[in-house]
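Student: I've got a new structure open and I'm not sure how to read it. Could you walk me through a few features?

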2 protein chains.
Amino acid sequence: MARGTNGVQVEDLKVCVVMVGLPARGKSFIAQKAQRYLQWLSIPAQTFNVGNYRRKDAAQPTADFFDTSNAEGERTRRAAAEAAVADMLKWLKTGGGVVGILDATNSTKERRRWILELCTANNIEVLFVESKCDNEDLIMANIRDVKTTSPDYIGQDPEQAALDFRDRIRKYEQVYKTIDADGDENELTYLKIMDTGSRVIISRIRDYLQSRIVYYLINVHIRPRSVWLSRHGESMYNLSGRIGGDAEISPRGEQYALKLPALVRESVGDDRPLTVWTSTLKRTIATARHLPKHYNQLQWKALDELDSGVCDGYTYQQIKDEFPEDFQARDADKYNYRYRGGESYRDVVIRLEPIIMELERSEDILIITHQAVIRCIYAYFMKKDQERSPWMNVPLHTLIKLTPRAYGTEEVRYAAGIDAVSTWRGKGSTAKHEQPTLDVLH
Amino acid sequence: MARGTNGVQVEDLKVCVVMVGLPARGKSFIAQKAQRYLQWLSIPAQTFNVGNYRRKDAAQPTADFFDTSNAEGERTRRAAAEAAVADMLKWLKTGGGVVGILDATNSTKERRRWILELCTANNIEVLFVESKCDNEDLIMANIRDVKTTSPDYIGQDPEQAALDFRDRIRKYEQVYKTIDADGDENELTYLKIMDTGSRVIISRIRDYLQSRIVYYLINVHIRPRSVWLSRHGESMYNLSGRIGGDAEISPRGEQYALKLPALVRESVGDDRPLTVWTSTLKRTIATARHLPKHYNQLQWKALDELDSGVCDGYTYQQIKDEFPEDFQARDADKYNYRYRGGESYRDVVIRLEPIIMELERSEDILIITHQAVIRCIYAYFMKKDQERSPWMNVPLHTLIKLTPRAYGTEEVRYAAGIDAVSTWRGKGSTAKHEQPTLDVLH
């Protein structure tokens, strides 16, 4: 374990997450979620998809290719697996990688044993993550998804593609063995997710990083839902260009609070139950107070604005005048800069981690919070680079709707049409109110 | 779900945690841990131990009493279970209870079905927690423990007690059925802990509270270890009676930092690897800096001192002068009082929750942190009342060793013998340095 900072435990440990399961069981979805979560926490994570390697040699094979009696197919698939694993090991050993995710069926004991031995010889821990699902509806939904999204079937007749994909699954079913807890796979470290999480088995988790990944994955669900994000209505501090504090909302901020129920109704609809989360600060609570009474409301300290420490209540000009070095240091590395006695964006991400975990568990949630906090939550859902997310434009009086899908998150923005100052700030600027530059807007 | 505050989700939900398993499988240990954890989070939790009810009618029965062919024994045990469940339901329905823990073997399907139906009829969710262990060494260790601690065997010959207890376990083994995932118990919500956690099964967890309990229990381990707590060395702010801030340590604080390695060696020994956690503030980092280089060190933002908001850097006299109402409000309810723009003890507990989770997962840890934070961590381990823990005396220049045992936590204190001011403060006082009163010392 290396000396870490900021409460993120940096270990010398390397972990290989090995996906296991038949096609159309959501393995790529799980791999993609885990990678995004880890990257958001600044843990270098990368997915190695064996199918992508295989497509270099066999772009659009039919189901026959996946029959174990097809020697040519077997050889090509084996070569693809070896190439993916070789690249992953290289990245983990010399490329700065910490968590490599091997996205493939890995459906036989022999294949799993081979990966385990390779990784163990390279001092890499192995966490198997199996998705086991016998629910025909879910499998069919996945098949429909694959026939429209998989590069294996691009340009083909959708019905034909679905039939061929079902055939391919059958080939795998002939050799597939679930991870066997009572037999010779008893010593494996694994998470087995059955029927998309209604039951899970967790076996022999050894360390912190594995435990984090496992806990995250058991909280993820795939039921449709959305997350709505809004800043508080314009505050008195916003008007005077001061940061932090616990100011009241301005008259225009109050207009936004009054408009918010209609804006929410337009986006959410009348019938969906919604839970509202605010910070503990006056301006978010005031913004939420005209929402329907049957919406549950919850105040989270973890949703409070980034703590600007000794600069709390300052304008940027005051910060530049009183702490010129800090002002410069923050512009140079806004994500890591920690205000004296306050927080950095990195600190905010760490305290938001339980919020993200709760969001993953939850159904529809409306979060009314602050500029920096929204930047961090948005970065999680939209896979934004941590270097750039602190500079993102989050206008006041705008409702953002995020809808997680299997391969990414959809975004819709609803402007309330109520004027507000801009609190966005460009690098080096001390302007009280400044219009975002074009590169930030797009 | 009720409108909650402070990020603790208060739900109208009531949960009954039903322990399942043969005697000597650590059920009471698990029940006790879960109760302590929930109470620390201000979630009303209570354990109902069927054995205690049974002892009213049969104080020290022999193993025969537990034979299912013993009609009198069966009747008495059934009556005890009914009384315990009745009291639990009453407490959950009208006594303000949220999580009732039914500590008994509940080893047959019929018994579990009966409890499930009773709870369901009363709108109480049921989470079964089974401890299944076939490791003879662990069972024998538990038997040895029971024969010396169980009221069933007080005053009896230990060897005789152990034999009788083994007999009793055999009676239970004849009827015990593990929770059956594939049969008619398929719909149950349960956590099955096998061989003290090397493998767990989590099935059909439905809500936030269940998930919190489950995640906590899968992190708990029973390997021997200790947690050491120390405040930073005396700081310049301590000397001037100011709170908060990010001051350097005083010359006497530096003496403590220099002495700490020897103090730690005395308590920990030379060979045990130790991980050191500090806050991100200068005074804890400086205090840790002479510790051996082979100790891993980690800085946690979550270990920073309680944020005193606008009062940061003030003396108590200044707070009283400038915010007299706040000064009074804090004394009236120190646990819940939140500094303007800062935190309450309750807030600190919430941000410490991941720290407690990490501590439960970890081996030996030395934590160098701050007065309020130590009070909260100490309250968790020592089961201190949240009303009183904010008034606890935590002297500077003292190392506290806590060792969790099956039925409580042992404490040893090591004074460094280096003078420091007292930062303890009595209710109403604005003294810069004040000696703790006798009732606080004991």
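Tutor: Sure, let's begin where the chains meet: about 3700 Å² is buried between chain A and chain B, and carbon and sulfur atoms give 46% of that area. Keep in mind that this is a predicted model.

Student: How many residues does each chain bring to the contact?

Tutor: Chain A puts in 44 residues, and chain B puts in 44 residues.

Student: What kinds of polar links should I look for there?

Tutor: Start with charge. Side chains of opposite charge can pair when their charged atoms come close. Between chain A and chain B, though, the count of salt bridges is 0. What you do find there is 12 residue pairs in polar contact, both partners at pLDDT 80 or more.

Student: Which elements of chain A supply at least two residues each to the side that touches chain B?

Tutor: Look at β6 (199-203), α7 (208-219), β9 (296-299) and α13 of chain A. By class, that side of chain A has 15 nonpolar, 15 polar and 14 charged residues.

Student: And how many salt bridges are there over all chains?

Tutor: A search of the whole structure gives 55. Take one in chain B: the side chains of B:Asp67 and B:Lys171 meet at 3.1 Å, N to O. B:Asp67 sits in the loop between α2 (50-57) and α3 (71-94) of chain B, while B:Lys171 is in helix α6 (residues 158-175), so this pair ties together parts that are 104 residues apart in sequence.

Student: Are those two partners buried or exposed?

Tutor: Check the relative accessible area; under 20% means buried. B:Asp67 has 17%, so it is buried. B:Lys171, at 18%, counts as buried too.

Student: What about a salt bridge inside one helix?

Tutor: Here's the general idea. An α-helix has 3.6 residues a turn, so residues three or four places apart point the same way. Now the case: B:Arg77 and B:Glu74 both lie in helix α3 of chain B, 3 residues apart, or about one turn of the helix. Their side chains meet in a salt bridge at 3.0 Å, N to O. B:Arg77 is buried, with a relative accessible area of 15%, whereas B:Glu74 is partly exposed at 31%.

Student: Can you show me another pair, and a case with more partners?

Tutor: For the pair, go to B:Arg351 and B:Glu343, whose side chains form a salt bridge at 2.7 Å, N to O. B:Arg351 and B:Glu343 are both buried. For the other case, switch to chain A, where salt bridges that share partners join A:Lys33, A:Arg36, A:Arg225 and A:Glu360 into one network.

Student: How do I read which way a helix faces?

Tutor: Mark the buried residues and look down the axis. In helix α12 (residues 324-332) of chain A, the buried ones include A:Asp326, A:Phe327, A:Arg330 and A:Asp331. The buried residues of α12(A) fall within an arc of 135 degrees, so they line one face of the helix.

Student: Which exposed residues are on the face turned away from the buried side of α12(A)?

Tutor: That face carries A:Glu325, A:Gln328 and A:Ala332. Over on the buried side, the cover includes α11 (316-322) and α13 (345-361) of chain A.

Student: What can I learn from a single buried polar residue?

Tutor: Ask what its side chain reaches and what surrounds it. B:Thr287, in helix α10 (residues 282-288) of chain B, is buried with a relative accessible area of 0%. The side chain of B:Thr287 reaches the backbone oxygen of B:Arg283 at 2.5 Å. Leaving aside neighbours within four places in sequence, B:Thr287 has contacts that include B:Tyr256, B:Leu260 and B:Ile368.

Student: Where in chain A could I try the same reading?

Tutor: Try A:Thr409, in strand β12 (residues 408-415) of chain A. A:Thr409 is buried, with a relative accessible area of 16%. A polar atom of the A:Thr409 side chain lies 3.0 Å from the backbone oxygen of A:Phe381. Beyond its neighbours within four places in sequence, A:Thr409 is in contact with residues including A:Arg36, A:Met382 and A:Leu402. You've met A:Arg36 already, in the salt-bridge network.

Key:
Residues numbered from 1 in each chain as written. Chains lettered and ligands numbered in written order. Predicted model: local features only at pLDDT ≥ 70, side-chain atom pairs only at ≥ 80, totals over all residues. Heavy atoms only, no water. Buried < 20%, exposed > 50% of the residue type's maximum accessible area, 1.4 Å probe, protein only. Helix = DSSP H or I, 4+ residues; strand = E, 2+ residues; numbered from the N terminus. Arc of directions from axis to C-beta. Contact = heavy atoms within 4.5 Å. Buried area = accessible area lost by both parts, 1.4 Å probe. Salt bridge = Lys/Arg side-chain N within 4 Å of Asp/Glu carboxyl O. Polar contact = N/O pair within 3.5 Å; in protein donor to acceptor, adjacent residues only side chain to side chain. Nonpolar A, V, L, I, M, F, W, Y, C, P; charged D, E, K, R; others polar.
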